[in-house]
Amino acid sequence: MLPQFFQNQKRKVNNMTLGLYPGCSLKGSSREYTESVLAVANACGIELTEIDDWNCCGATAAHNLNKELSLALPARILSLAEKQGMKEVLVPCAACYSRLTITNHELAVHPELNEKITKANGLDYRGSVEILNIIQMLDKYVTPNLEGRIVKPFEHKVACYYGCLLVRPHEILKFDREEDPQSMDELMMKAGATPIDWAFKTECCGAGLSVSRTSSVGRLSGEIMKDASDRGAEAVIVACPMCHSNLDMRREAINSYLGEKIDIPVLYATQVLGLALGIDRKTLGIQRHFVEVNIQM
Amino acid sequence: MSIDIPKMMDFLREKSLKEGKANPRAKHIIAFHKSFLDSIRLTGRLYEIGLLVDYKSRTFKVLQDMPLAPKMFVRGKLNIFPELIKGRAGVASIFSKSKKKSK
Amino acid sequence: MSKIGVFVCHCGENISATVDCVKVAETAAGYDGVVYSIDYKYMCSDPGQSLIKSAIAEKGLTGVVVASCSPRMHEPTFRKACAEAGLNPYMCEMANLREHCSWVHEKGDATTEKAIDLVRILVEKVKKNHSLNAIKVPVTKTALVIGGGIAGIQASLDIANSGHKVILIERDPSIGGHMSQLSETFPTLDCSQCILTPRMVEVAQHENITLYTYAELESLEGFVGNFKAKIRRKSKSLDEKICTGCGQCTTKCPVKKIPSEFNEGLGKRTAIYVPFPQAVPNKPVIDRVNCTYYIKGKCKVCEIVCPTKAIRFDQEDTIVEAEVGAIVVATGFTVKQPDFFPEYGFGKYPDVITGLQFERLASASGPTLGEIRRPSDGKVPEKIVFIACAGSRDPAKGIPYCSKICCMYIAKHAMLYQHKVHGGKSYVFYMDIRAGGKMYEEFVRRAIEDDGVNYIRGRVSRIYEKNGKLIVKGADTLLGAMPVDIDADMVVLATAGIANEGSEELAQKLHTSYDSYHFFSEAHPKLKPVETNTAGIFLAGACQSPKDIPESVAMASGAAVKVACLFSQDELTREPLIAVVNRQAAPVFSSCVGCFLCVSACPYQAIEKEEIKNRTGEVIRTIAKVNPGLCQGCGTCVAFCRTKSIDIQGYTHEEMYSEVMALLNEY
């Protein structure tokens, strides 16, 4: 809808093309995530090149219903990225990150799948693409250069919510740790925030049951918000559009389950970083959230 | 030695559908996933409005989430038109090849 | 000139059913060198053996071939018979017509032909046999017991009481081991220290036992009956002979905040310390890692207050050399810290503790003087949760085996809690209840029925802290995997029992085998649980596998008996079927060139270097020499030797070659 967000600006990162796989949510119902990712990247001089003609990764629906489909759809994306000369691809959505990384791993560990999945579908993938989630990308390219650039430290108590797919399964993702992860907390500290220790960092929000079982989402996400609220969090920080949607868009279901109104806002980690870097709210898409974000900036 | 539980769960889901033994209480969940896949088979990317229309036609929950649509639209979160990728024939063929062995 | 006698056995019908024994005997009679050949129904019986003995006497036999069953069955029988008749027992060989022939083939000419072949090749071998004599090795009647826990203590007392000397070494400052840390023991709820300390004192005062604490094995050489051990006595930084154990130094030491190992980190100790009040010996040691004097060169308060001036800051480790005849390994076990289960929060939440830490809380000499209190705020827990199998039976994250003692001690802990905290609620999450000993099952039932402990069959998936409580999320699988959430005040994890630290290094020093878990390997899991494959080294207690106190004590006594058995002879007799390096007259001395490939090949470290000197004492050559006490006759060195200088007695090159040639040549 707003094409300028997807222009290619020719400033490469370390002489290497850093690809971007937005995924379906970031183009539609979670477009503010993309807005904040690009805003932060632009502010730090990082060029992100969207993969040309990417397709949906299949998300939960594919791996629940059809194993081959769940590997073939991401394989198409990986082979496109490889052909387009991308060594690293940033995948801000945690679900797409999970599917792409797992597919990368399966194709590497089971070479016989290459016949069935890639060649049979006219694809050719050599396994050279590395998938980065948003925190990995920020830790690699942004935070080393943050010294002196934080103009408005985000001085609030935040509950960092990792959800299910950012740190599990550890053997494949090899990122952070499964119990009490700290990578997002450390990132938030660099933005000036105070992350709290709480018990629901990696508990499920209800994921893809948002439409088909909204009551379950109300219960699961409700427990998460309640714990964050009980421990004095002023905001819940996420790195996944599904988690954001369940904790934010489905706040009515949460409030109805808890029998009380919780008005703690939910922000993307990139939005918090963006605010700390002095970028304005509109560029970061904060007005698009369902739960009002009226904490002091 | 550990057991890959998510892989096992996915396998059981696929198998239960193939053998027609899916729990009737999971009707809506399965319908949602099928609508999701239908949407991307046609265009290559998810078209939310198409997904919801398909879902409601499968489940007859026509009024569900109706008040949500305008709220999403107002916040710029709802695309009116689907995005058709250039390689959607390739995507459709991926679908048909993978369906060969399943139901 | 050889005079061989061949004795073909029918073995009832075992051999004669498929082999024509008469024909075998007749054919053998025609061989060169065979002067007597008969067949008989039961060669191993008394009349059968008499046949052999009279034939030796009457015919002057120089060699005997008994064609019957497997040598594993009756070789000792027939060799003894020959010896009684005056023929060297190693001139008697057996042809296995049963396991190698009649039992594995059908009746027929080919079978009989095979039997004839088997007899022929042994006849040719026996012609080349030499007389051999059993080897005698002297025995030093002192035992070394490594480890001063209940197993080591029991073994030491048993050996000492049988009249032999014992050297007991323990690497901690006091003996007692884990049993001294326990509060009460199952299934009798006896006070652990009350039953242990009398034994500890007995060990210290026994005239046959030399006790070295704060000491470890430095190195070991030698073989059964003749070990040479070097023991490192770590410096305690004090003169034990003049220290009276008054304890002034420990009260005045300014460094007071070191986590106490004896109290599993729940209490504190000083830098100069006695691990617990009933320690044996009741003398302190200085922990040089944490003592201000060794770090900064200041303080010395203990030296100032000591009434007998026993402190010796400059004291160094000493090495004691000891000659011992047998070794008992009783080094015990340790617990696997459950921090590899981050979902249980051990290490993050102070109120999640291990079973051994609970023992210290429940113990009257512990940091809380026997009251069950939360480490975080000192309050008495109203709800306590015990989690079984926190690390055991877990191939994915922990250890795959069962630690054996946890089901019992969890029941014990829950009972102690219920006795001490009236109105408290206890819960046990278990997978199975293993209570196989005497009075064990009844003990667990008491916990459930009399003391009201809630047993829930299921695992705990997560523990987190909220508002000062520990939220335990588990499931009750007997009620259809119903979720069970308990907001507990304290959680006790039944940790896995694993091999003690340093087990691998010790096993390598002792040249004895150990398994992938670093537990010491027994010689045979069923029939030889206290022996190892290394002659002279015995095992006692949990160093072999996790076990409770009665089993450790029984095993220790078993090991002690084996040691006493070894010491009951002044000399050890060994079979002479060992390797020998050839020796010839000067100036050759031996065809061995001194390459010592055999030394590296030998799995038993049985080959040494021998220096050949001339009259003035100058070394002319160094050649290999086999230690007859250690060699097991495996033959690896023979295969390695490039000059064919080493040979196995009883299976020499000549003898084996003649067997092969006899097989290939028709008679």
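Tutor: Let's start with a term we will need: two strands pair if DSSP finds at least two bridges between them. Keep in mind, too, that this is a predicted model.

Student: Thanks! Which residue stands opposite C:D476 in β26(C)?

Tutor: Begin with the strands. Strand β25 of chain C covers residues 469-476, and β26 of chain C covers 482-488. Across from C:D476, the residue in β26(C) is C:M482.

Student: How many bridges join β25(C) and β26(C)?

Tutor: These two strands pair in the antiparallel sense. On the other side of the sheet order, β24(C) and β25(C) are also antiparallel, over six bridges. For β25(C) and β26(C), the number is seven.

Student: Which strands of this sheet are at its edges?

Tutor: The sheet is open, has three strands and runs in the order β24-β25-β26 in chain C. An edge strand pairs on one side only. The edge strands are therefore, by the pairing rule, the two named here: β24 (460-466) and β26 (482-488) of chain C.

Student: By how many degrees are neighbouring strands of this sheet turned against each other on average?

Tutor: Here we ignore the direction of the strands. The average turn between neighbours is 20 degrees.

Student: What is the bridge partner of C:I463 in β25(C)?

Tutor: Look along the pairing of β24(C) with β25(C), which is antiparallel. The partner of C:I463 there is C:V472.

Student: And which residue takes a positive phi in the hairpin of β24(C) and β25(C)?

Tutor: This hairpin has two residues between its strands. One of them has a phi near 50 degrees, and that residue is C:N467.

Student: Let's move to the cores. Which helix gives the largest share of the largest nonpolar core?

Tutor: This core holds 165 residues, and those touching the most other members are A:I237, A:V272, C:F386, C:A388 and C:V491. A second, separate core has 83 residues, including C:F262 and C:A542. In the largest core, ten residues come from one helix of chain C, namely α12 (residues 406-420).

Student: Which residues does C:A388 touch, leaving out those up to four places away in sequence?

Tutor: C:A388 is one of the core members that touch the most others. Its contacts are C:C406, C:C407, C:I410, C:V428, C:F429, C:Y430, C:M431 and C:A494.

Student: Now chain A. Which element gives the most to the side of domain 1 of chain A that touches domain 2 of chain A?

Tutor: Chain A is divided into domain 1 (3-135) and domain 2 (152-288), with C-alpha centres 23 Å apart. In their contact, 25 residues of domain 1 meet 30 residues of domain 2. On the domain 1 side, nine residues come from the top contributor, α2(A).

Student: How many charged residues does that side of domain 1 of chain A have?

Tutor: Sort its residues by class: 13 are nonpolar and nine are polar. The charged ones number three.

Student: Which element gives the most to the side of chain A that touches chain B?

Tutor: Here 30 residues of chain A are in contact with 34 residues of chain B. Both α3 (59-65) and α4 (67-83) of chain A give two or more residues to this side. With seven residues, the one giving the most is α3(A).

Student: Last one: what distance separates the centres of domain 3 and domain 5 of chain C?

Tutor: In chain C, domain 3 spans 236-315 and domain 5 spans 579-649. Taken over C-alpha atoms, their centres are separated by 53 Å.

Terms used. Residues numbered from 1 in each chain as written. Chains lettered and ligands numbered in written order. Predicted model: local features only at pLDDT ≥ 70, side-chain atom pairs only at ≥ 80, totals over all residues. Domains from an automatic or database assignment. Contact = placed C-beta atoms within 7 Å. Helix = DSSP H or I, 4+ residues; strand = E, 2+ residues; numbered from the N terminus. Core = buried A, V, L, I, M, F, W, Y, C linked by C-beta atoms within 7 Å. Buried ≥ 20, exposed ≤ 12 C-beta atoms within 10 Å, placed from the backbone. Nonpolar A, V, L, I, M, F, W, Y, C, P; charged D, E, K, R; others polar. Axes fitted to C-alpha atoms, helices over the stretch in contact; angles between N-to-C directions.
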